[in-house]
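Here are a few notes from me on how the helices in this one fit together. Have the structure open beside you as you read.

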Amino acid sequence: MATTLINIALPVVNEIIDDVLTAVPSEAYRETFTSPDARDRLATFVLSRLPARYMTVAESGCSLELPRNCYSAEQHRQIRQLVHQGIQKVLTRPVVTTPEAFIPSTWFG
């Protein structure tokens, strides 16, 4: 029987990101993180600072309830803190624009 390796840290991190963003009073924060790019950068920031959690699942088509308790209460607090740090990091990261000379559509006229 074939099995699939699943990263169970990502759903937990995404859930905590959602919780933090809904609790933040600033509408600007929530608007910024509706962008998939900003949201991905935030999740990447957090996940790169956590121990990975994986599980294997048989490919029998059964529904999977991802365990929210794969991290302790203390680790959940640390993830929340990382989310807050990541929000600040993403918001303060300057937007890098590509000079027009480097855009391929301008190379040939």
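How are α1 and α3 oriented to each other: parallel, antiparallel, perpendicular or oblique? Let me start there, keeping in mind that this is a predicted model.

1. **α1 against α3.** The two helices pack at an angle of about 120°, and their axes are 10 Å apart. An angle from 115 to 145 degrees falls outside the parallel, perpendicular and antiparallel classes, so α1 and α3 are oblique to each other. The crossing in which α1 passes α3 is right-handed.

2. **Who meets whom there.** On the α1 side the contact is made by A9, L10, V13, N14, I17, D18 and L21, and on the α3 side by R39, L42, A43, V46 and L47. By class, the residues of this contact divide into 9 nonpolar, 1 polar and 2 charged.

3. **A look at N14.** N14 sits in helix α1. Its relative accessibility is 26%, and since buried means under 20% and exposed over 50%, N14 counts as partly exposed. Setting aside neighbours within four places in sequence, N14 is in contact with R39 and A43. N14 and R39 are 25 residues apart along the chain, with their C-alpha atoms separated by 9.1 Å.

4. **α3 against α4.** Helix α3 spans residues 36-47 and helix α4 residues 73-92; they pack at about 135°, with axes 9 Å apart. This pair is therefore oblique as well. Here, too, the crossing is right-handed, with α3 passing α4.

5. **The residues of that contact.** From α3 come A38, R41, L42, F45 and V46, which meet I79, L82, V83, Q85, G86, I87, K89 and V90 of α4. The residues of this contact divide into 9 nonpolar, 2 polar and 2 charged.

6. **The core.** Nonpolar side chains tend to be buried together in soluble globular proteins. In this model, the largest nonpolar core has 23 residues, and L42, V46, I79 and V83 have the most contacts inside it. Helices α1, α3 and α4 each supply at least two of the core's residues. The biggest contribution is from α1 (9-23), which gives 7 residues.

7. **I79 as a place to look.** If you want one residue to centre your view on, try I79, one of those with the most contacts inside the core. Not counting residues up to four places away in sequence, I79 touches V12, V13, I16, V46, L50 and Y71. Of these, V13 also takes part in the contact of α1 with α3, as does V46.

Terms used: Residues numbered from 1 in each chain as written. Predicted model: local features only at pLDDT ≥ 70, side-chain atom pairs only at ≥ 80, totals over all residues. Heavy atoms only, no water. Axes fitted to C-alpha atoms, helices over the stretch in contact; angles between N-to-C directions. Helix = DSSP H or I, 4+ residues; strand = E, 2+ residues; numbered from the N terminus. Parallel < 35°, antiparallel > 145°, perpendicular 65-115°, else oblique. Left-handed = near helix turned anticlockwise from the far one by under 90°. Contact = heavy atoms within 4.5 Å. Nonpolar A, V, L, I, M, F, W, Y, C, P; charged D, E, K, R; others polar. Core = buried A, V, L, I, M, F, W, Y, C linked by side-chain atoms within 4.5 Å. Buried < 20%, exposed > 50% of the residue type's maximum accessible area, 1.4 Å probe, protein only.
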